[in-house]
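Please open the structure in your viewer and keep the selection tool at hand, because this tour goes from one selection to the next.

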Amino acid sequence: MTKKELAQAVAGKTDLSASAAEEVLNTAFDAISASLAKGEDVKIAGFGNFETRERAARTGRNPQTGEEIQIAASTSVGFKAAAQLKRAVNG
């Protein structure tokens, strides 16, 4: 499902137009992104938790040349599904 399809699904179950539903989704995604950028976890009851995870710097290897390269430390986003979502997916 794409963001546009998700907006259409929301619009179909509410009194919002498809463009208004897409604007609401964009606002929600922006709020989630901003919270994660500040290092805050985002917990959505019945859906799941988004959290940031730190990756340490490490030495890797270029697969084409075999040369060692330094991979910088980074922050990634993790998601853990809530039990209710897991049940819905597993039937």
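Select G91 to begin: this residue follows α3 and has a positive phi, near 85°. The model you are looking at is a predicted one.

Step back now to the helix before it, α3, which covers residues 83–90. Is this helix buried or does it lie in the open? Of its eight residues the number buried is zero, so α3 lies largely in the open.

For a contrasting kind of place, select strand β5, residues 74–81, and within this strand pick out S76. Buried means under 20% relative accessible area, and S76, at 19% relative accessibility, therefore counts as buried. If you leave out residues up to four places away in sequence, the residues that S76 touches are E51, T52, R53 and R55.

Next, select helix α1, residues 3–13, together with helix α2, residues 18–37. Two packed helices are described by the angle between their axes and the distance between the axes. Here the angle is about 115° and the axes are 8 Å apart, while the crossing of α1 and α2 is right-handed. Which residues make the contact? On the side of α1 you can select K3, L6, A7, V10 and A11, and on the side of α2 A18, A21, E22, L25, N26 and F29. Sorted by class, this contact of α1 with α2 contains eight nonpolar residues, one polar residue and two charged residues. An α-helix has 3.6 residues a turn, so residues three or four places apart point the same way.

Stay with helix α1 and select K3, which lies in it. At 39% relative accessibility K3 counts as partly exposed, because this class runs between the buried limit of 20% and the exposed limit of 50%. Once its neighbours within four places in sequence are left aside, K3 is in contact with E22, L25, N26 and F29. Draw a distance from K3 to E22: the two are 19 residues apart in sequence, yet their C-alpha atoms are 7.6 Å apart in space.

Finally, select L6, L25, A28, F29, I32, I44, F47 and F50, which line the largest pocket. About 180 Å³ of space lies in this pocket. Which element gives the largest share of the lining? That share, four residues, comes from α2. By class, the lining of the largest pocket has eight nonpolar residues, with no polar and no charged ones. Among the lining residues, L6, L25 and F29 also take part in the contact between α1 and α2.

Methods
Residues numbered from 1 in each chain as written. Predicted model: local features only at pLDDT ≥ 70, side-chain atom pairs only at ≥ 80, totals over all residues. Heavy atoms only, no water. Axes fitted to C-alpha atoms, helices over the stretch in contact; angles between N-to-C directions. Helix = DSSP H or I, 4+ residues; strand = E, 2+ residues; numbered from the N terminus. Left-handed = near helix turned anticlockwise from the far one by under 90°. Contact = heavy atoms within 4.5 Å. Nonpolar A, V, L, I, M, F, W, Y, C, P; charged D, E, K, R; others polar. 1 Å grid on protein atoms, 1.4 Å probe; cavity = no way out; pocket = protein on both sides within 12 Å on 5 of 7 lines; lining within 4 Å. Points joined across faces, edges and corners; volume = space filled by probe spheres on them. Buried < 20%, exposed > 50% of the residue type's maximum accessible area, 1.4 Å probe, protein only.
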